[in-house]
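I opened the notebook to look up two places in this structure, the surroundings of the ligand and one pocket. The entries follow in the order in which I looked.

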Amino acid sequence: MKIAMIGTGYVGLVSGICFSDFGHSVVCVDKDPQKIDLLNSGKVPIYEPGLDALMAKNVAAGRLCFSKDLQAAIDGADAAFIAVGTPTRRGDGHADLQYVMAAAEEIAQAAQDYLVVVTKSTVPVGTNRQVKQLIRKTAPSLEFDVASNPEFLREGAAIEDFMKPDRVMIGVQTERAAEVMEEIYRPLYLRDFPIITTDLESAEMTKYAANAFLATKISFINEIAALCEKVGADVKQVAKGMGMDNRIGSKFLHAGPGYGGSCFPKDTKALARIGQENAVAMQITETVIKVNDEIKRRMIQKLLDLCDGSFKDKIIAVLGVTFKPNTDDMRDAPSLTIVPALIGGGAKVRLCDPQGRHEGEHLLPGGRWVEDPYQASQNADLLVILTEWNEFRALDLKIIARKMNQPKMADLRNIYSAKDARKAGFESYDSIGREPFSKEPS
Ligand code: UDX
């Protein structure tokens with residue numbers, strides 16, 4: 001199959017590279033000439049484990065290339081995937097569809113023969129029908145179909161998620177489009193991964209429902225964590241006990257400083273908006289959004305308590321700024337709310353992250369970047385773990401405690417325990433949904 005992938009952002013790039021690894025001939029197109037030049041020089045503009053090697057392999061095999069020329073990429077393509085951004089529109093929570101529509105129009109202008117125009121970007125229910133109308137209007141004599149094929153990739157595990165998906169959702173209107181999509185995903189059919197073929201609207205809806213449900217699980221456990229702190233329960237034990245019930249499942253029950261990233265915040269807001277437009281109140285999703293906003297304020301209060309009520313002149317070491325490990329992505333990361341509150345309160349903040357510095361330098365002005373956690377903790381009054389990178393999971397806490405001015409830790413990802421902290425010589429340790437420990441002043 002010949003595939004044109006429009007948009008080389010996270011989704012487009014991972015999908016394009018993985019499709020080429022299936023054996024298809026893929027041209028990835030982007031309007032940004034710098035990005036295309038970078039890709040053509042063999043560099044991947046995002047941090048995703050394994051992606052550079054997979055890209056090099058498929059470029060070398062002649063199945064994958066990068067181009068600014070959409071027209072040439074569409075020529076002879078069996079399918080054109082739209083994988084451009086759908087950011088939250090300012091002010092109204094709507095997914096901004098201008099890039100999706102612009103891509104659809106360009107595809108329509110370029111296409112000569114039958115092709116399937118597949119939307120991979122997360123789009124509100126009904127968008128694929130709008131895409132169809134637009135293409136029909138732009139190219140009245142073109143033979144084409146539209147398909148919805150939402151992605152469920154997690155950053156940091158995207159290749160694995162693409163190659164071994166829990167399921168693939170395909171929304172189509174015709175048998176012909178279903179056949180093309182089946183051919184594209186044939187390697188997964190052959191390995192018995194479930195492919196669910198539906199109408200357009202159900203495929204579009206599934207993406208929002210799945211992401212909102214996962215976000216709900218996180219906000220739920222974060223709320224339970226707040227209660228655990230009050231009643232003396234341990235949220236890790238509670239989550240374990242809950243998760244062993246097969247009907248609930250153990251995933252996405254890790255309490256933390258709130259969800260972030262490119263999908264959950266944006267998609268929950270868009271779903272709430274779709275509900276409003278259709279006069280169906282999405283009360284659960286609206287509450288999930290509120291709980292996730294509030295939790296960051298709760299985190300700031302936690303840190304303030306550890307700093308005896310004031311950040312003024314405190315040296316605070318922050319480990320992790322990305323929204324989760326194994327990515328350089330900082331979109332809606334809890335650090336974007338928490339770090340400015342520390343700096344705004346007068347703290348001297350040291351920042352350290354295995355991949356986040358490049359983005360973080362612009363987004364967190366006023367912080368001082370250091371190489372590693374040991375450097376960060378020199379004379380510090382508080383150590384804050386914000387992202388659970390593997391690099392932070394096995395620190396020598398004794399050395400850290402000795403380096404600190406006041407050995408206090410806020411472990412906002414629950415990767416250590418009060419016992420670990422006490423043994424290492426920490427004065428205080430607080431985490432999420434577990435009893436804090438604090439040495440009585442002698
Ligand atoms: C998510 C979905 O998992 C994926 O299917 C979708 O296509 C895109 O959005 P991603 O944003 O890459 O993927 O990250 P994910 O691993 O799902 O984590 C999202 C956020 O939730 C992170 O901020 C993470 O720290 C937080 N999270 C996740 C928790 O706080 N607790 C958990 O138990 C799980």
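Which helix gives the largest share of the shell around the ligand? I found that this share, three residues, comes from helix α10 (residues 200–231), where a helix is a DSSP run of H or I with at least four residues, numbered from the N terminus.

I noted that this is a predicted model, in which local features need pLDDT of at least 70 and side-chain atom pairs count only at pLDDT 80 or more, while totals for chains, interfaces and linings use all residues. Residues are numbered from 1 along each chain as its sequence is written, and side-chain values use heavy atoms, with hydrogens and water left out.

I then listed the 18 residues around the ligand (a heavy atom within 4 Å of it), of which Phe152, Glu155, His254, Gly260 and Cys263 come nearest. By class, I wrote down nine nonpolar, three polar and six charged residues, with Gly counted as polar and Cys as nonpolar.

Next I looked up polar contacts (pairs of N or O atoms within 3.5 Å). An oxygen atom of the ligand lies 2.9 Å from a backbone N or O atom of Phe152, and a polar side-chain atom of Arg413 lies 3.0 Å from a ligand oxygen atom.

Last, I turned to the second largest pocket, whose volume, the space filled by probe spheres set on the grid points, is about 200 Å³. Of its 14 lining residues (an atom within 4 Å of a point), His94, Leu97, Pro124, Gln130 and Glu277 are the closest to its centre. I saw that α12 (264–277) supplies the largest share of this lining, four residues.

Key. A polar contact is a pair of N or O atoms within 3.5 Å; within protein, one must be able to donate a hydrogen and the other to accept it, and residues adjacent in sequence count only if both atoms are side-chain atoms. Helices (H or I, at least four residues) and strands (E, at least two) are DSSP runs, numbered from the N terminus. On a 1 Å grid over the protein atoms alone, a cavity is a set of points where a 1.4 Å probe fits but cannot get out, and a pocket is an open set with protein on both sides within 12 Å along at least five of seven lines; lining residues have an atom within 4 Å of a point.
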